[in-house]
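This briefing covers helix packing and salt bridges. The structure comes first, and the points follow by topic.

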Amino acid sequence: MTVVIGIIGLSFLVFFHELGHFLIARAMGVTVEAFSVGMGPVLLHHKKGATDYRISLIPLGGYCSMKGEKDYQKALEEGRSKIQGDPDSFYGVHPLKRLFIAFAGPMFNMIFAFIAFLIIALCGYTYITAGTTVQMTRDVPEYQDMTSPAYDAGMRSGDRIVSIDGKPMADFSEILTYISMESGKTISVEVERNGEILEINVQTELDKETGARRIGIVAMEGSEIEKNYGPYPFFPAIGEGLRQTFSMLSMTVTGIGRLFQGVDIKNAVSGPARVTTMLGSAVKEGFSEGFKIGLINTLELLALISISLFLTNLLPIPILDGGLILFALIEWIARRKMHPKVLYYIQIAGLVIVGCLVVLAVVGDIMYFVKK
């Protein structure tokens, strides 16, 4: 059941992505020959205008089939020097229109993330976190093997963190979030100890397992507190939804950047099996605690995955939307179509890159489930 729930969640995100391509293709004057909910054999279909609307057997996302998408292959087979297409076909429209069509899919993933965070802000929720009084990992038996840059810099168990780099800290979750996303510079931690305010400079270190930065602190045992997030009125909720969306986007970009800093890539890159299982588990556990908690848990995770899809699809790899965007930009700037053979060789290189990423993701998934 967990896997089924995860598949449904991921399929919805893929469907929403394809819906973006469909709507903007129509707006740009490109004929959409087929738009399907699901993949594989067609179960039901209805043709309206030039578009065949379908419901397909395999509930994995969907697809948007545009007129002229195979003109590239035809040009290759016939040895043409450029791709020719009808005025209402994908390769027949102006390159900027093709760029907008390619960008629409990832953009709809971002729009979904915003809608998810907007709903969460409107609903609001109560959560349990800890206060800002901390312990050094070296003083906690289960973390004694972990280094503690905070202790080495002069912090001690029982210190209450007041601010970091001048930014006030309200609870331990804020502390963790701020530190984990740091770029590696020394942070200035203001602490209260025995009624005295001290300023301590601490060098963060990279956790190569998780990709987050840390300073070797944990929340003081017994300092749990209950806090409320929202609910916000409608217009403030819009602002909060935008803030959360761009905050998550920034955190995801930072996380991707850390893949090149020695992070264990097998742990950091998740394949479809792991993502599906994690999503299904989060949905089940959330709804077991109540509808509101289940809805919020589901929306938060779907928003995170949706933003990851946004960034992944914008990578300038030929078989992804980012590759189509890059080619359209080159054509627009050069004011002439790219030679089909050039596109072919670039696509081969792109397939190799994607293949390597898929292998890493699958190996990571296998290691994840073996460890479990």
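Helices α3 and α10 are roughly antiparallel to each other, because their axes cross at roughly 160 degrees and angles over 145 count as roughly antiparallel. The model is predicted. Helix α3 also packs against helix α9, and the structure holds ten salt bridges.

**Helix α3 with helix α10**

- Helix α10 spans residues 321–334, and its axis comes within 8 Å of that of α3.
- The crossing in which α3 passes α10 is left-handed.
- On the α3 side, the contact is made by Pro95, Leu96, Arg98, Leu99, Ala102, Phe103 and Pro106. They meet Asp321, Leu324, Ile325, Ala328, Leu329, Glu331 and Trp332 in α10.
- This contact of α3 with α10 has eleven nonpolar residues, three charged and no polar ones.

**Helix α3 with helix α9**

- Helix α3 (residues 95–123) and helix α9 (residues 291–313) pack with axes 8 Å apart, at an angle of about 155 degrees.
- These two helices are therefore roughly antiparallel to each other.
- Here, too, α3 makes a left-handed crossing as it passes α9.
- Residues of α3 in this contact include Phe103, Pro106, Met107, Met110, Phe117 and Cys123. Among their counterparts in α9 are Lys292, Leu295, Leu299, Glu300, Phe310 and Asn313.
- The contact of α3 with α9 divides into 19 nonpolar, three polar and two charged residues.
- Phe103 and Pro106 of α3 appear in the contact with α9 and also in the contact with α10.

**Salt bridges**

- Glu192 and Arg160 meet through their side chains in a salt bridge, at 2.5 Å from N to O. Glu192 lies in strand β7 (residues 186–193) and Arg160 in strand β5 (residues 160–164), so the pair ties together parts that are 32 residues apart in sequence.
- Glu192 counts as partly exposed at 26% relative accessibility, and Arg160 counts as partly exposed at 33%.
- Asp171 and Lys227 also form a side-chain salt bridge, at 3.0 Å from N to O. Asp171 sits in the loop between β6 (167–168) and α5 (172–180) and Lys227 in strand β12 (residues 224–229), so this pair ties together parts that are 56 residues apart in sequence.
- Asp171 is buried, with a relative accessible area of 1%, whereas Lys227 counts as partly exposed at 22% relative accessibility.
- In the salt bridge of Glu205 with Arg214, the closest N and O atoms are 3.1 Å apart. Arg214 counts as partly exposed, at 25% relative accessibility.
- Lys67, Asp86 and Asp88 are joined into one network by salt bridges that share partners.

Key. Residues are numbered from 1 along each chain as its sequence is written. This is a predicted model: local features need pLDDT of at least 70, side-chain atom pairs count only at pLDDT 80 or more; totals for chains, interfaces and linings use all residues. Side-chain values use heavy atoms; hydrogens and water are left out. Axes are lines fitted to C-alpha atoms, for helices over the stretch in contact, and angles run from 0 to 180 degrees between N-to-C directions. Helices (H or I, at least four residues) and strands (E, at least two) are DSSP runs, numbered from the N terminus. Angles under 35 degrees count as roughly parallel, over 145 as roughly antiparallel, 65 to 115 as roughly perpendicular and the rest as oblique. A crossing is left-handed if the near helix is turned anticlockwise from the far one by less than a right angle, and right-handed if clockwise. Contact means heavy atoms within 4.5 Å. Ala, Val, Leu, Ile, Met, Phe, Trp, Tyr, Cys and Pro count as nonpolar, Asp, Glu, Lys and Arg as charged, and the others, Gly among them, as polar. A salt bridge is a side-chain nitrogen of Lys or Arg within 4 Å of a carboxyl oxygen of Asp or Glu. Buried means under 20% relative accessible area, exposed over 50%, partly exposed in between (1.4 Å probe, protein chains only).
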